[in-house]
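Got the viewer open? Let's walk through this one a selection at a time.

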Amino acid sequence: MQWLRVLTVAPMLAAVSLLVSFAAQPLAAGAQSDAYVRVAALSPDAPAVDVYVNGTKLVSAAAYKSVSDYLPVAVGSDQFKVTDVGSTKALINVSETVNTDEYYTFGVLGPLSKIMGEIFQDDLGAPPSGDAKIRAIHAAVAAPSPANILAGGKPVFPGLAFEAATQFAAVPAGSYTFGVAPMNSNTAAFSATATLVSGDVYTAFGIGNGASAAYGLLLVNDSAGASMSGGPGTGEGGLSIPNHGTSPFVPAALAGVLLLAAGGLGLTQLRARAR
Amino acid sequence: MAMAVSCGAAAAAQGATARRSPPPKPAPSAQPAIIPPTAALPVRIQIPSIDLNTQLTQLAVNSTDQPSAPPNPWVPGWYPASPAPGDVGPAIIAGHLDTYTGPAIFWRLSQVQVGDTILISRADGTTITFDVYRIQAVSQQNFPSQEVYGPTPFPELRLLTCAGTWNSAIGKYSQNLVVFGRLSN
C-alpha cells in the first residue's frame with residue numbers, strides 16, 4: 001500500500017518537503033541573478049532544433065528525445081526562439097518569465113504542424129528520506145488527453161492534459177510500471193517500467209505519436225545525489241607523525257618484490273636445468 | 001494540478017535501490033522507460049594547478065553506504081554509488097592524503113583554489129572539465145552527508161581526502177577536505 005501511504009502522509013510530506021527544499025538547495029555555482037532552464041525536444045516529427053534566449057543560442061541541434069542540462073538565463077521576461085538547426089526562421093517564438101534561482105523545463109512540444117513551446121517550473125527540493133520525487137509531462141501526440149497516469153495499474157495522476165504537467169509527488173524509491181490511459185479507465189494505451197532511486201527527483205515525459213515515433217516514457221533526472229553516507233578514511237598520519245607505524249602498503253610492496261625475486265630465481269633455475 | 005494519490009494499491013516498490021541498478025524486468029506489455037544515455041566511466045583525473053595526473057580506480061561503499069578508502073594510496077577512485085562524472089548529480093572521488101610514512105596522491109589537494117579546473121578523462125576517450133567553486137574542511141565525526149552527497153541539478157564533482165589533526169589513539173584525521181566542482185559550460 002505504498003501509494004496509500006503517500007496519500008495518508010501527503011500534507012505532512014508537503015510541509016517536510018518545503019522545509020527540506022530550503023536545507024537542500026543546490027549549491028549554486030553560477031551567477032547570483034540567474035534562472036536555470038533546460039530544453040526538452042519532444043516534438044516527434046520535428047527536425048533537430050536550435051533554441052535561442054533573447055537572441056543568444058542556448059542549445060544547439062537538440063534532437064527528438066533529448067533533454068539538455070540546466071543552463072543559466074537572465075531573470076525576468078525572456079524571449080525563447082526555436083528554429084531548425086542553422087536557420088533563422090522561427091518555428092516557435094514565445095515570451096516566458098523566469099525567476100532568480102528557479103529551475104525550469106522548456107518543452108518543444110506537439111506535432112511539427114502545431115509545434116509549440118511551453119515552460120514548466122521544476123521543484124528540485126529533496127524528497128523525504130527513502131523517497132524519490134516525480135512528476136509527469138504529457139507530450140505524447142494523439143494519446144489520450146486528459147490522461148489517467150497509472151502506477152501499478154492504479155491511477156496516480158488523473159486528468160493530465162496534453163502539453164501539461166502534474167505537480168511533483170514524493171513516492172517510495174523502487175520499481176514501478178507506469179501507464180497512460182484514457183480518463184476513467186485503468187487500461188493503459190502504453191506503459192513503461194522505471195526504477196526510482198531514493199533522494200532523486202525525476203520528470204517522466206510521455207512521448208511519441210503512436211505512428212512514426214512509438215509511444216514511450218522518457219525518464220529524466222531533474223536532480224540526483226550519491227547513495228553514500230559519511231566521509232572516507234583517507235589518511236594514515238604520515239604527514240603529521242612521519243614514520244609512526246608500519247604501512248599495510250609496505251608489506252604488500254615487499255611481498256611483491258619477494259614474489260618477483262622468487263620468480264626470477266625460479267626462472268634462473270629453469271634456465272640452468274635447460275642447459 | 002493537485003496530486004491525487006487516492007487509489008491505494010501498491011506499485012511494485014522494492015525499497016531503496018542502488019544507483020546503476022539493473023532495470024526492472026518489464027511486465028509483458030510494458031517497455032522499460034527510455035533513459036538518456038549515461039556518461040562513460042571515469043578513468044583518469046588531472047588537476048593542473050597542483051601537477052596531479054593519475055589513473056582512477058573504482059571504490060565500494062559498505063552496507064550502510066559508508067565509502068571505503070582507496071586500497072592504493074597513490075590511486076584515487078570514483079564511487080559507482082554516485083553519478084558518473086558528467087551525469088546530473090555529484091560524482092564522488094576520494095584519494096589518500098598520506099600513508100603511515102609520508103604523503104599520498106591527494107597530499108596537495110588543500111592547495112587547490114576556487115576557479116581551478118579539474119579534468120576527468122573517460123573510458124570513451126572524452127575529457128570533461130569541472131570548475132572548482134568551493135573548498136571546505138568538514139568534520140569526519142559529524143560528516144555533512146546531505147551537503148556533500150545530496151542531489152544537485154547540475155553535473156558536479158566532489159574530491160575528498162583527509163584533513164585536520166591526526167588522532168593516534170583512533171588512527172584517524174579529524175576532518176575531510178571536500179573540493180566542490182561543477183561541469184564547465
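## Stop one: a hairpin in chain B

Keep in mind as you click around that this is a predicted model. Start with B:Asp51, which has a positive phi near 55 degrees and sits in the hairpin made by strand 2 and strand 3 of chain B, with four residues between the strands. Now select residues 42-47 and 52-55 of chain B: these are strand 2 and strand 3, paired antiparallel through four bridges. For a cross-strand pair to look at, pick B:Ile45 and you'll find B:Thr54 of strand 3 of chain B opposite.

## Stop two: chain B as a whole

Zoom out and colour chain B by secondary structure. How many helices and strands does chain B have? There are one helix and ten strands. Follow the chain along its sequence and the pattern reads β-β-β-β-β-β-β-β-α-β-β.

Next, colour by burial: 43% of the 185 residues of chain B count as buried. If you switch on contacts in chain B and keep those between residues at least 6 apart in sequence, 56% of them join residues at least 24 apart.

## Stop three: a four-stranded sheet in chain A

Hop over to chain A and show strands 3, 2, 6 and 7, in that order: they make an open sheet of four strands with antiparallel pairing. Which strands stand at the edges? Strand 3 (56-62) and strand 7 (90-98) of chain A do; each has a single partner strand, so one side of each lacks a neighbour in the sheet. Look across the strands and you'll see the twist, which averages 20 degrees from one strand to the next.

Inside this sheet, select residues 49-53 and 76-84 of chain A. These are strand 2 and strand 6, running antiparallel and joined by five bridges. One spot to centre on is A:Asp50, which stands opposite A:Thr83 in strand 6 of chain A.

## Stop four: a sheet that takes in both chains

Show both chains again for the last sheet. Five strands line up here as 12(A)-11(A)-14(A)-15(A)-1(B), forming an open sheet with mixed pairing. At its edges are strand 12 (154-160) of chain A and strand 1 (31-32) of chain B, each with a single partner strand, so one side of each is without a neighbour in the sheet.

To finish, select residues 147-151 and 174-182 of chain A. You now have strand 11 and strand 14, which run antiparallel with five bridges joining them. Centre on A:Leu150, and opposite you'll find A:Gly179 in strand 14 of chain A.

Conventions
Residues are numbered from 1 along each chain as its sequence is written. Chains are lettered from A and ligands numbered from 1 in the order in which they are written. This is a predicted model: local features need pLDDT of at least 70, side-chain atom pairs count only at pLDDT 80 or more; totals for chains, interfaces and linings use all residues. Two strands pair if DSSP finds at least two bridges between them. Helices (H or I, at least four residues) and strands (E, at least two) are DSSP runs, numbered from the N terminus. A residue is buried if 20 or more other C-beta atoms lie within 10 Å of its own, exposed if 12 or fewer, and partly exposed in between; C-beta atoms are placed from the backbone. Two residues are in contact if their C-beta atoms, placed from the backbone, lie within 7 Å. Axes are lines fitted to C-alpha atoms, for helices over the stretch in contact, and angles run from 0 to 180 degrees between N-to-C directions.
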